[in-house]
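Q: I'm new to reading protein structures and would like a close look at one part of this one. Please start with a single residue and its neighbours, and then work outwards.

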Amino acid sequence: MEIIKAENLTKDYGHNRGIFDVSFLVEKGEVFGFLGPNGAGKSTTIRHMMGFSKPQSGNIYMFGKESFKNYSEIMNSVGYLPGEIALPNSDNGQDFINVMKKLRHLKDKKMLNYLIDKFKFNPMLETKKMSLGDKRKLAIIVAFMHDPDVLVLDEPTSGLDPIMQQVFIDFIKEEKKRGKTIFLSSHIFNEVEETCDRIAIIKDGKIVSTFKTTNLKHNQNKTFDIVFKKQDDFNNFVEQIKKEKKIIELKEHNENNLTVKVLVNDTNINKLIEIISKFNVVEFNEDKLTLQEYFMNFYKEDKDFGGVPDERDNKGRKSHKRLQK
Ligand SMILES: Nc1ncnc2c1ncn2[C@@H]1O[C@H](COP(=O)(O)OP(=O)(O)O)[C@@H](O)[C@H]1O
Ligand SMILES: [Mg+2]
């Protein structure tokens with residue numbers, strides 16, 4: 001079942017700022033990561049998702065309903081954690097929790113108590129004396145105390161210390177196990193890699209890649225580190241690899257320690273092995289691509305190497321949207 005669906009969502013703020021043709025689908029029970037640096041368009045997308053902003057063109061739906069027209073219904077059923085937290089003037093955390101309890105007509109306090117306990121929040125703390133981390137904890141508590149089925153989290157761990165970041169990641173994993181649907185925006189690679197089933201990378205307002213997290217781990221394009229015993233072998237290998245540049249990319253070679261880094265697609269691995277077998281090799285290891293390295297590919301020039309296969313579009317074609325610099 002489709003829970004969140006964006007179709008060519010566009011909001012142009014001018015000067016290439018905003019979001020452009022953003023499309024994705026989040027199914028029930030999925031944890032979907034929305035990864036991008038500051039200014040990429042994460043919060044803008046989320047504001048449209050929650051129905052706060054009207055798209056210029058394209059559409060965004062929650063539970064099959066257009067977000068902007070169904071704003072109050074969405075606010076009632078979704079747990080939304082905003083990126084920037086502005087607390088109203090209240091004396092302490094408990095006052096704010098009470099206001100939100102009333103607004104939400106909350107009767108069951110099980111989740112509320114669970115969250116206060118899990119995040120070690122002191123509700124009696126004066127709002128004025130709260131650190132950024134305390135404010136974030138309070139925002140987390142009021143966003144999820146009604147135990148919503150869908151969580152929309154805009155950079156949830158910013159402002160939390162590393163221990164609380166891990167507590168939050170555990171919370172996301174627990175909620176996933178309970179069948180919740182989660183949309184998580186972040187610029188932190190490991191929290192996305194650790195929690196998400198699928199990831200979309202957004203850059204300059206455009207989605208540049210959408211893929212399953214497991215595909216990253218079983219990447220078809222592999223990087224290998226090779227160490228040679230003799231200078232001659234190193235030189236000859238480098239020379240031969242340069243001749244195969246259409247299928248094997250020489251990423252690095254260092255004469256001082258006789259190491260080479262190459263990138264090759266699974267389908268061409270035999271060729272690499274054929275060349276390597278002619279030489280005396282001390283080490284031959286796969287250098288597994290991390291999400292961070294994959295992400296960084298979008299900051300380099302467009303090339304045929306270095307990517308995870310993107311998901312197919314709805315016509316069964318492989319979409320290989322790459323950003324040209
Ligand atoms: N209301 C607005 N008016 C004009 N520009 C905006 C507005 N909101 C966001 N932007 C611009 O749109 C881009 C995306 O912003 P945002 O969605 O907040 O990025 P992110 O959440 O990924 O850091 C940025 O360049 C930002 O300056
Ligand atoms: Mg933001």
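**A residue and its surroundings**

A: Let's begin with leucine 153, which touches Ile46, Leu81, Phe144, Phe168, Ile172, Ile182, Phe183, Leu184 and Ser185, leaving aside residues up to four places away in sequence. Contact here means heavy atoms within 4.5 Å. Keep in mind that this is a predicted model, in which local features need pLDDT of at least 70 and side-chain atom pairs count only at pLDDT 80 or more, while totals for chains, interfaces and linings use all residues. Residues are numbered from 1 along each chain as its sequence is written, chains are lettered from A and ligands numbered from 1 in the order in which they are written, and side-chain values use heavy atoms, with hydrogens and water left out.

Now step back to the core. The largest nonpolar core has 46 residues, and those touching the most other members are Ile97, Phe144, Leu153, Phe168 and Ile201. Such a core is a set of buried Ala, Val, Leu, Ile, Met, Phe, Trp, Tyr and Cys residues joined through side-chain atoms within 4.5 Å. Buried means under 20% relative accessible area, exposed over 50%, and partly exposed in between, with a 1.4 Å probe and protein chains only. Helix 5 (residues 132–144) gives the most to this core, with 7 residues. Helices (H or I, at least four residues) and strands (E, at least two) are DSSP runs, numbered from the N terminus. Apart from the largest core lies another, of 25 residues, with Phe32, Phe34, Val152 and Ile202 among them. In soluble globular proteins, nonpolar side chains tend to be buried together.

For another view of burial, try helix 9 (residues 231–243), where Asp233, Phe234, Phe237, Val238 and Ile241 are buried. They sit on the same side of helix 9 because they cover an arc of only 130 degrees around the axis, an arc taken from the directions from the helix axis to the C-beta atoms. On the other side of helix 9, Asp232 and Lys243 are exposed. The cover over the buried residues of helix 9 includes strand 11 (221–228), strand 12 (248–254), strand 13 (259–265) and helix 10 (269–276).

Finally, the wide view: the domain assignment gives domain 1 (2–92 + 143–217) and domain 2 (221–287), with bounds that come from an automatic or database assignment. The C-alpha centres of domain 1 and domain 2 are 41 Å apart.
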